[in-house]
Amino acid sequence: MKSLGSIRRSFAPWNDPNAKPYIRFENVTKRFGEFTAVNDLTLTIFEREFFALLGASGCGKSTLLRMLAGFEEPTSGRILLDGQDLRGIPPYRRPVNMMFQSYALFPHMTVEKNIAFGLKQEGMPAADIARRVAEMLKLVKLEQFAKRKPHQLSGGQRQRVALARSVAKRPKVLLLDEPLGALDKKLREETQFELMDLQQELGLTFVVVTHDQEEAMTMADRIAIMDKGQVMQVATPAEVYEAPTSRFVAGFVGNINMFEGKVADRQANTVRITGPSGAEITVENAGDAAAGADVAFAIRPEKIRVSSKRPADAVNALQGEVYDIAYLGDMTVYHVRLGDGQIVRASSLNAQRVTEDPLTWSDSAWVSFRPDAGVVLTR
Ligand code: ATP
């Protein structure tokens, strides 16, 4: 049997030029009076994708979701679902359902009545409703809780009722606005995996809005990183982390070091960058950086080595002083202050119990890294 992991790994319709877009935002703009919440945004989501919209508060991600659900109409541009223009189609006629952060469960109804509500409204025959509700209860593992009311459930259980209710009508697309926002950290982590399993099992397309980067990284096939009503980058979690295309995205997800400077020269995919203090680095993944351009070399802390002596084989090594050390058990994070005052963050895994090259506060230290350990950013 194929594991879920291997199924996921082979799922990449965005790399297939023949794959048909499922949800498509085309030059969508949404204005509220003078204010532009979504600005000329174009985005494609594929069928069965677990897609995350990630961004800070106010970047327009919920507005995007609400337009897809039909609670708002775009000011201009269009939204297509399976080739059909959604303009003018009311929310209840779209094959889309939305699960709100507040869950919006009916407090006076039992779990099963809550799940049955939408089906009843649709006029589904009672026997079919009973069957579907039982199926949903099983799906979210709440069979024993069918007769309870929402206040008799834990936060995680309430979340599952909301989920069961939103998929009971078998929408093609489920929209989730901060689906785990009300849960504590541990429960959030468990629930992330449950959500992923559920999405796989049902074969639905999920579009999740979140401001939590770890959550997006864990769950999503692809992430759209938004800022001020625009999409800054759409990519898989690994690409977002390893190959950000702008300083904004690089800084938004995880910790990163940026070496700012000017491109002294370029050969093939390699550039020599001179920093303001004259320090030089030679790095690959030069992107569109041309000679003379102002660029940043962005590199993650775990790709930087800290040592007391300059490593003999290092292409890039900068000298500084240990400014701070945080011992976190599994790893140690060093902050090294370079000659020009820049603080470099480097983390090293404590795979051995004893470090061969112990460093302490105020020690002279070298930070070194391989030319291909980061990316050059021009934006
Ligand atoms: P959050 O995570 O805080 O919900 P968000 O990224 O989802 O943020 P949106 O809810 O999409 O942000 O809102 C984007 C911007 O549009 C915000 O500045 C918000 O104040 C504004 N906005 C949203 N809805 C309306 C409305 N009905 N009228 C006026 N302004 C609105």
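Axes here are lines fitted to C-alpha atoms, for helices over the stretch in contact, and angles run from 0 to 180 degrees between N-to-C directions. The structure is a predicted model.

**Exercise 1. Helix 4 and helix 5**

Find the angle at which helix 4 and helix 5 pack, and classify the pair.

Solution.
Step 1. Helix 4 covers residues 126-139, and its axis lies 9 Å from that of helix 5.
Step 2. The packing angle of helix 4 and helix 5 is about 135 degrees.
Step 3. Angles over 145 degrees count as roughly antiparallel and 65 to 115 as roughly perpendicular, with the rest above that range oblique.
Step 4. Helix 4 is therefore oblique to helix 5.
Step 5. The hand of the crossing between helix 4 and helix 5 is right-handed.

**Exercise 2. Helix 5 and helix 6**

Are helix 5 and helix 6 roughly parallel or roughly antiparallel?

Solution.
Step 1. Take helix 5 as residues 155-168 and helix 6 as residues 185-202.
Step 2. Their axes come within 12 Å and cross at roughly 20 degrees.
Step 3. Angles under 35 degrees count as roughly parallel, so helix 5 is roughly parallel to helix 6.
Step 4. Helix 5 and helix 6 cross in a right-handed sense.

**Exercise 3. Helix 3 and helix 4**

Describe how helix 3 and helix 4 cross.

Solution.
Step 1. The axis of helix 3 (residues 111-121) comes within 10 Å of the axis of helix 4.
Step 2. The crossing angle of helix 3 and helix 4 is roughly 130 degrees.
Step 3. Helix 3 is therefore oblique to helix 4.
Step 4. This crossing of helix 3 and helix 4 is also described as right-handed.

**Exercise 4. The shell around the ligand**

Which residues surround the ligand, and which elements give two or more residues to its shell?

Solution.
Step 1. The ligand is surrounded by Phe32, Phe35, Ala37, Ala56, Ser57, Gly58, Cys59, Gly60, Lys61, Ser62 and Thr63.
Step 2. Sorted by class, the shell holds five nonpolar, five polar and one charged residues.
Step 3. Polar side-chain atoms of Ser57 and Thr63 each lie 2.6 Å from an oxygen atom of the ligand. For Ser62, an N or O atom in the side chain is 2.5 Å from a ligand oxygen atom.
Step 4. On its own, the ligand has 630 Å² of accessible area, and the protein covers 57% of that.
Step 5. Strand 2 (35-45) and helix 2 (61-69) are the elements that give two or more residues to the shell. Helix 2 gives the most, with three residues.

Technical notes: Residues numbered from 1 in each chain as written. Predicted model: local features only at pLDDT ≥ 70, side-chain atom pairs only at ≥ 80, totals over all residues. Heavy atoms only, no water. Near = heavy atom within 4 Å. Polar contact = N/O pair within 3.5 Å; in protein donor to acceptor, adjacent residues only side chain to side chain. Areas by Shrake-Rupley, 256 points an atom, 1.4 Å probe, with all protein chains shown as cover. Helix = DSSP H or I, 4+ residues; strand = E, 2+ residues; numbered from the N terminus. Nonpolar A, V, L, I, M, F, W, Y, C, P; charged D, E, K, R; others polar. Left-handed = near helix turned anticlockwise from the far one by under 90°.
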